[in-house]
Amino acid sequence: MSITFESFGLNKALLQALTTEGYTIPTPIQAQAIPDVMLGKDLLGIAQTGTGKTAAFALPILHRLAENRVAPLPRTTRCLILSPTRELASQIAESFKTYGRHLGFKVAVVFGGVKYGPQERAIQGGLDVLVATPGRLLDHMQQKTLDLSSTEIFVLDEADQMLDLGFVKPIRQIVSRIPAKRQNLFFSATMPTEIGKLAGELLKDPVKVQVTPQATTVERINQSVVHVEQGRKRALLTEMFADDNYTRCLVFTKTKHGADKVAAYLEAGGVQAGAIHGNKSQPQRERTLAAFKAGKLRVLVATDIAARGIDVDGVSHVVNFELPFVPEAYVHRIGRTARAGADGSAISFVAGDEMKLLKDIEKVTRQKIPATDRRNDKSLGLLDQSIMAAGVGTKATMPDREDRPRGDRGPRNPRRDGVKPAHGGQPHRQRKPAPGGNREGGRDGGRDQNRGHNGDRAITNVTPFDPLAADRARSAANANRPVAAPKPDGEISRRPRGRRPSNGGKGYVAKA
Ligand code: AMP
């Protein structure tokens, strides 16, 4: 019989919230961590997002705070959670609010890049839970708007990312201000030496919980590769989004500029898309992410760094418009789909000069990804020409391409230049978003084999391409294995190493 949340003896208000959320079975990290954290023990969790680790610490923390309910003193917090990024900090705070909705706790989040005033006011009266990025938290401590002298529980989330972002020293400064008698919870996807050292300093006799094996998540995602010329990738993307099954998609590009171009190109073609990357302001990033979460955007185009910590349920597909430079980033990218037991697919567009990257990825994931060859594909060529003729693939909106003759570049972006769009004044074909496959017609129905992307103008006969067809056929041949195999809870492998974003975490955070 499987373990239930009730069996942990969690506070009834929490169980009620979990029922509302539809959580019935604890994930492996929750099953292993919750009982010990409820007892007040220190914890070392080797896990990353997608495993249910937020609830693994949020639930027992809320339980403990509720068991020993005291009014927090002004400018203090009973529990402090450090997160490397603003997005993750916001999501953690949201989780605390969701799970603790019947407990009436004061939860706030602080990060850089936004005004201090509202954050100071939020902290002023005292908090039960504060989620913060290290830079802004230190600022508040230095300004004496925050006092950690009565903090009882300390959580360090995504410790290896903290190292990547240069936050280890600030963390030590912060921790030195928290009373030694406290409960410590430490989470990291990997254990580089310096992080192991930090864990050793912070934790006292910790319970160790590891969600492995490395390749599990990779194995449970339907992966495929499409070999295609760089210049035909946009046509392939158009073909793909003619399929209604692509309900909520994350498209990864390798550059910020590329992300903008792909999003603009999709938008111009009638697919609701937004881009997030380091050059976007925090309010822009938050708006775009919120629209994607709410199903108002069907596609979110992102760079690796901007996508860190993003946790959106029901991502149907991850599309690698370009492969990442490091294989670990591939694993991290595709882990955004097939979360918490849901179905998910990952499709990678691979141009000739990306073959080496693909080989590296296959080496790291220890598997050969099923591939389809669309090079020299006439239908893609024709589609590309239709896109050009319709004025969608303009210089400003097109992803980079090398194989297009100079004289064939079409008009400039009609919207930007105030030129009437080539399709008669209907710049966007509005389609109703339908997150999680609830679109009219359902996930399995309603395919439109003839979906044009620019009003009634030239882009016709777009047959949705199914890059997983070969894989599915192979799976279907295996009588013991369902086509979309049920996905066990699991863990993603090592996290990519990345550059420090320009804001360095000083940037931002909004009040939860
Ligand atoms: P996390 O690893 O904390 O980022 O969680 C990944 C996703 O799994 C989040 O969207 C959670 O809402 C969801 N989740 C966490 N625990 C459970 C559970 N026991 N049952 C169903 N969904 C869950």
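Where in the chain is S149 found? It sits in the loop between α6 (134-142) and β5 (153-156). Keep in mind as you look around that this is a predicted model. With a relative accessible area of 46%, S149 counts as partly exposed, because that value falls between the 20% and 50% cut-offs. Follow the chain on from here and you get to R177, which is 28 residues away from S149 in sequence, yet the two C-alpha atoms are 6.6 Å apart in space.

Another link of this sort involves I174, a residue of helix α8 (residues 168-175). I174 and P134 are separated by 40 residues in sequence, while their C-alpha atoms are 7.9 Å apart. Is I174 buried or exposed? It is buried, since its relative accessibility is 0% and anything under 20% goes into that class.

Now go back towards the start of the chain, to A33 in helix α2 (residues 28-38). A33 has a relative accessible area of 0%, so it is buried too. Its partner in space is A56: the pair are 23 residues apart along the chain, with 6.1 Å between their C-alpha atoms.

This part of the chain also carries an annotation. UniProt, in an unreviewed entry, places a short sequence motif called "Q motif" at residues 3-31. What does the chain do over residues 3-31? In the model this stretch is 48% helix and 0% strand, and the C-alpha atoms at its two ends are 7 Å apart.

That brings us to the ligand. Which residues come nearest to it? Of the 16 residues around the ligand, the nearest are Y23, G50, G52, T54 and D313. Look at the oxygen atoms of the ligand and you'll find several polar partners. A polar backbone atom of G52 is 2.6 Å from one of the ligand's oxygen atoms, and for K53 a polar backbone atom is 3.3 Å from a ligand oxygen. T54 uses its side chain instead, with a polar atom there lying 2.6 Å from an oxygen atom of the ligand. As for coverage, the ligand has 500 Å² of accessible area on its own, and the protein covers 88% of that.

What is the shell around the ligand made of? It divides into five nonpolar, seven polar and four charged residues. Both domains take part: domain 1 (5-210) and domain 2 (217-390) each give at least three residues to the shell.

Let's move on to domain 2 (217-390) and pick out R232. You'll find R232 in the loop between β8 (222-227) and α11 (233-241). Its side chain makes a polar contact with the side chain of D384, at 2.9 Å. R232 also pairs up in space with A351: these two are 119 residues apart along the chain, and their C-alpha atoms are separated by 9.2 Å.

A second side-chain pairing turns up at N320, which is part of strand β12 (residues 317-320). Here the side chain of N320 makes a polar contact with the side chain of R333, at 2.9 Å. N320 is buried, because its relative accessibility is 0%.

To finish, check the backbone at two places. R75 has a phi near 60 degrees, a positive value in a residue that isn't glycine. It is found in the loop between α3 (53-67) and β2 (77-82), and at 35% relative accessibility R75 counts as partly exposed. N376 isn't a glycine either, and its phi is positive at about 55 degrees. Where does N376 lie? It is in the loop between β14 (371-373) and α16 (378-390). Since its relative accessibility is 70% and the cut-off for exposed is over 50%, N376 counts as exposed.

How values were computed. Residues are numbered from 1 along each chain as its sequence is written. This is a predicted model: local features need pLDDT of at least 70, side-chain atom pairs count only at pLDDT 80 or more; totals for chains, interfaces and linings use all residues. Side-chain values use heavy atoms; hydrogens and water are left out. A residue is near a molecule or strand if one of its heavy atoms lies within 4 Å of it. A polar contact is a pair of N or O atoms within 3.5 Å; within protein, one must be able to donate a hydrogen and the other to accept it, and residues adjacent in sequence count only if both atoms are side-chain atoms. Accessible areas come from the Shrake-Rupley method with a 1.4 Å probe; for residues, only the protein chains shown count as cover. Ala, Val, Leu, Ile, Met, Phe, Trp, Tyr, Cys and Pro count as nonpolar, Asp, Glu, Lys and Arg as charged, and the others, Gly among them, as polar. Domain bounds come from an automatic or database domain assignment. UniProt positions are given in the numbering used here, feature names are shortened, and annotations may be inferred rather than shown by experiment. Helices (H or I, at least four residues) and strands (E, at least two) are DSSP runs, numbered from the N terminus. Buried means under 20% relative accessible area, exposed over 50%, partly exposed in between (1.4 Å probe, protein chains only).
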